[in-house]
Amino acid sequence: AITQPISSLERAALSPSRSMLELGENVANTACADCHGINGVSAEPGIPNLAGQRTVYLYRVLQAYQSRERHSDAMNHATGFLNDEALLAVSAYYASLAPARPVAVDGASSVTSAAGAGDPFATIRDDMKKCVKCHGEDGNSSASGMPNLSAQAPEYFVTSMRSYIDGGRDHKLMSKLAGDLDEETLGRMGVFYAVQEPERTTTSGDGNVDLGRAAAENCASCHGNDGNASG
């Protein structure tokens, strides 16, 4: 599941080798580029940008399509011919690319006029509070298993939310959260995320330095406080 702690295999891919990235590029060119672009930037509104997304998120989504937990004829077919090494490599490759710039949104002006001269997204701020914990204030997530939503086409956002609602994507929490939103709100949220400045994913894994420092106290007598032994 996307929300599970990252595994040792996934953690190793956060700092991919050149050979892994080369394999990932080859996989992307063969199985992914027609829809998502070799640079990870889609030319179609209903297809997501992959560039700059998190390695772990992409890998787990591909696994979900391969196991049919997510339903899409094209994606189920594309992932069905890839082994686990290829899935991880193509995820690391797309994660290594610079993300797309914010997309032009035809409906942005209507959102602005409807909301007034102040905050153009004032009417959806309360609804978006439930998204912030996982996806960040501006759609740039800080969690390894969560996608960045910034600079995606609004049509893709709406299509994804509908998929959670109708069961095409199996995620109980997302199904409940999306099911509480009407079509107009989903559309406005899609516009909001589309015009946010994207950030490239970092390669750091999960962890808590303070907890690690406390756990390392028993090691310091031999290995030093900073991990450099004096003997």
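Here are three short exercises with worked solutions on a predicted model.

**Exercise 1.** Find which residues have the most contacts inside the largest nonpolar core, and which helices supply at least two residues of this core.

*Solution.* Start with the core itself: it has 21 residues, and Val90 and Tyr94 have the most contacts inside it. Next, look at the helices: H2 (18–36), H3 (55–66) and H5 (84–95) each supply at least two of its residues. Another core, of 20 residues, lies apart from this one and includes Val105, Leu186, Met189 and Ala194. Now turn to Tyr94. Setting aside neighbours within four places in sequence, its contacts include Ala28, Cys32, Ile38, Leu50 and Leu58.

**Exercise 2.** Work out which parts of the chain the salt bridge between Arg60 and Glu10 ties together, and whether each residue is buried or exposed.

*Solution.* First, the distance: the two side chains meet at 2.7 Å, N to O. Then place the partners: Arg60 lies in helix H3 and Glu10 in helix H1 (residues 8–12), so the pair ties together parts 50 residues apart in sequence. Finally, check burial against the cut-off of under 20% relative accessible area. Arg60, at 8%, counts as buried, and Glu10 is buried at 5%.

**Exercise 3.** Do the same for the salt bridge between Arg101 and Glu197.

*Solution.* These side chains meet at 2.0 Å, N to O. Arg101 sits in the loop between H5 and helix H6 (108–115), while Glu197 sits in the loop between helix H10 (183–194) and helix H11 (209–215), 96 residues apart. For accessibility, Arg101 counts as exposed at 54%, and Glu197 as partly exposed at 40%.

Conventions. Residues are numbered from 1 along each chain as its sequence is written. This is a predicted model: local features need pLDDT of at least 70, side-chain atom pairs count only at pLDDT 80 or more; totals for chains, interfaces and linings use all residues. Side-chain values use heavy atoms; hydrogens and water are left out. A nonpolar core is a set of buried Ala, Val, Leu, Ile, Met, Phe, Trp, Tyr and Cys residues joined through side-chain atoms within 4.5 Å. Buried means under 20% relative accessible area, exposed over 50%, partly exposed in between (1.4 Å probe, protein chains only). Helices (H or I, at least four residues) and strands (E, at least two) are DSSP runs, numbered from the N terminus. Contact means heavy atoms within 4.5 Å. A salt bridge is a side-chain nitrogen of Lys or Arg within 4 Å of a carboxyl oxygen of Asp or Glu.
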